[in-house]
Amino acid sequence: LAIIAPVFIIIAIGYLAVLSGYMAREATGGLGLFVLRVALPALVFNALTSTPIATALTWGYLLGYGGASLAVFGFGYFVARRIAGQPVAASAVRALGISGSNTGFMGYPIAAMVIGAPAGQLLAQNMIFENLILIPFVFVLAELGESSAGSLGAVLRGIVLSLVRNPLLIAIAAGIAVGVAGIDPPQPVARPIALLASVAGPVALFVVGATLADLSWGGTPAEISRIAAGKLLLHPAAVAAALWMMPDLDPTLIAGGIIFAAAPMMSIFPIIGARFGIPRLTATALLATTALSAVTLSVLILILGHFGLVTLGS
């Protein structure tokens, strides 16, 4: 609770600030853009340039986390499409809900409190997987299910342009280039980047709460429960199994990957859901999963501490 409570208190502050009208809903959109376009890129760049590049990028971790997440996506898609009989696009969105974490806004702040500096390195690697593989794949699959070939081509062009302009991916590329070149950024450059990186976590949590206050509810309890269980239980379990099988992987990275996987689904989940016709279901799933994660993450961190993967303060 000492680790988790501050995280959810900040989320609650953001939620109440918007719900009560203390802060305008429009203002929180600017905060979200600041986190996505400034603070998180600074954090990723700082993480990649503050340690040797061989340590900052671990292929065993990327393979384990990415492979497990794709397996969970496939399972979720199969259940939604073949068992529940949902359309292709809606099935893809539901599968994203259980396999894609809120990496930057919740996963990183919690992981940083538990494992410290390596959380930044894992953030960069998870962002590579999510932005280059998972999210583009979901959009392509969803468009295949409901659009013509012409519109799919437009979507593919849009995805490529989005990737090229993505500030997180630009920061990752710049961080890798600086790391490979062995360049140490001068203090007048490194210090402002570090200061911006330091505010990414708390501001991101505030934005999560503010976002939750602006959602419309919908969906059946059974469906919401399945999505929440898939995200909070199945995804971290699959990642734990996959990372445990990776040879010579640092236990700290294993613990961090499990924590990232146990975070709720990404904040843009309702936006993607609205694009493909299920806005209320995805919004309610995000709200319910975020609330339930206060319990599941607490239990998970306790389990990780019991097995010696993390050190819990007395």
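**Exercise 1. Find how much space lies in the largest pocket, and describe its lining.**

*Solution.* Start with the volume: the largest pocket holds about 1200 Å³ of space. This is a predicted model, in which local features need pLDDT of at least 70 and side-chain atom pairs count only at pLDDT 80 or more, while totals for chains, interfaces and linings use all residues. Residues are numbered from 1 along each chain as its sequence is written, and side-chain values use heavy atoms, with hydrogens and water left out.

A word on terms before going on. On a 1 Å grid over the protein atoms alone, a pocket is an open set of points with protein on both sides within 12 Å along at least five of seven lines; a cavity is a set of points where a 1.4 Å probe fits but cannot get out; and lining residues have an atom within 4 Å of a point. Grid points are joined across faces, edges and corners, and a volume is the space filled by probe spheres set on the points.

Next, look at the centre. The lining of the largest pocket has 39 residues, and Leu36, Ile135, Ser267, Ile268 and Ile271 are the closest to the centre.

Then trace the helices (DSSP runs of H or I, at least four residues, numbered from the N terminus). At least two lining residues each come from α2 (25-49), α6 (103-115), α7 (118-146), α8 (149-165), α9 (167-181), α11 (200-212) and α14 (269-275). The most, 8 residues, come from α2.

Finally, sort by class: the lining has 21 nonpolar, 13 polar and 5 charged residues. Here Ala, Val, Leu, Ile, Met, Phe, Trp, Tyr, Cys and Pro count as nonpolar, Asp, Glu, Lys and Arg as charged, and the others, Gly among them, as polar.

**Exercise 2. Locate the cavity of 30 Å³ or more and name the residues around it.**

*Solution.* Searching the whole structure gives 1 cavity of 30 Å³ or more, and the space in the largest cavity is about 30 Å³. Its lining consists of Asn102, Val208, Thr211, Leu212, Ser267, Leu286 and Thr290. Two or more of these residues come from each of α11 and α15 (279-306), with α11 giving the largest share, 3 residues. By class, that makes 3 nonpolar, 4 polar and no charged residues.

**Exercise 3. Work out how α1 and α11 pack.**

*Solution.* Take the geometry to begin with: helix α1 (residues 4-19) and α11 cross at roughly 45 degrees, and their axes come within 6 Å. Axes are lines fitted to C-alpha atoms, for helices over the stretch in contact, and angles run from 0 to 180 degrees between N-to-C directions. Angles under 35 degrees count as roughly parallel, over 145 as roughly antiparallel, 65 to 115 as roughly perpendicular and the rest as oblique. The pair α1 and α11 is therefore oblique.

Now the hand: α1 passes α11 in a right-handed crossing. A crossing is right-handed if the near helix is turned clockwise from the far one by less than a right angle, and left-handed if anticlockwise.

Last, the contact (heavy atoms within 4.5 Å). From α1 come Val7, Ile10, Ile11, Ile13, Gly14, Tyr15, Ala17 and Val18, which meet Pro202, Leu205, Phe206, Val208, Gly209, Ala210 and Leu212 of α11. The contact has 13 nonpolar, 2 polar and no charged residues.

**Exercise 4. Decide how α12 runs relative to α13.**

*Solution.* Helix α12 (residues 221-245) packs against helix α13 (residues 251-262) at an angle of about 160 degrees, with the axes 8 Å apart. So α12 is roughly antiparallel to α13. Their crossing is right-handed.
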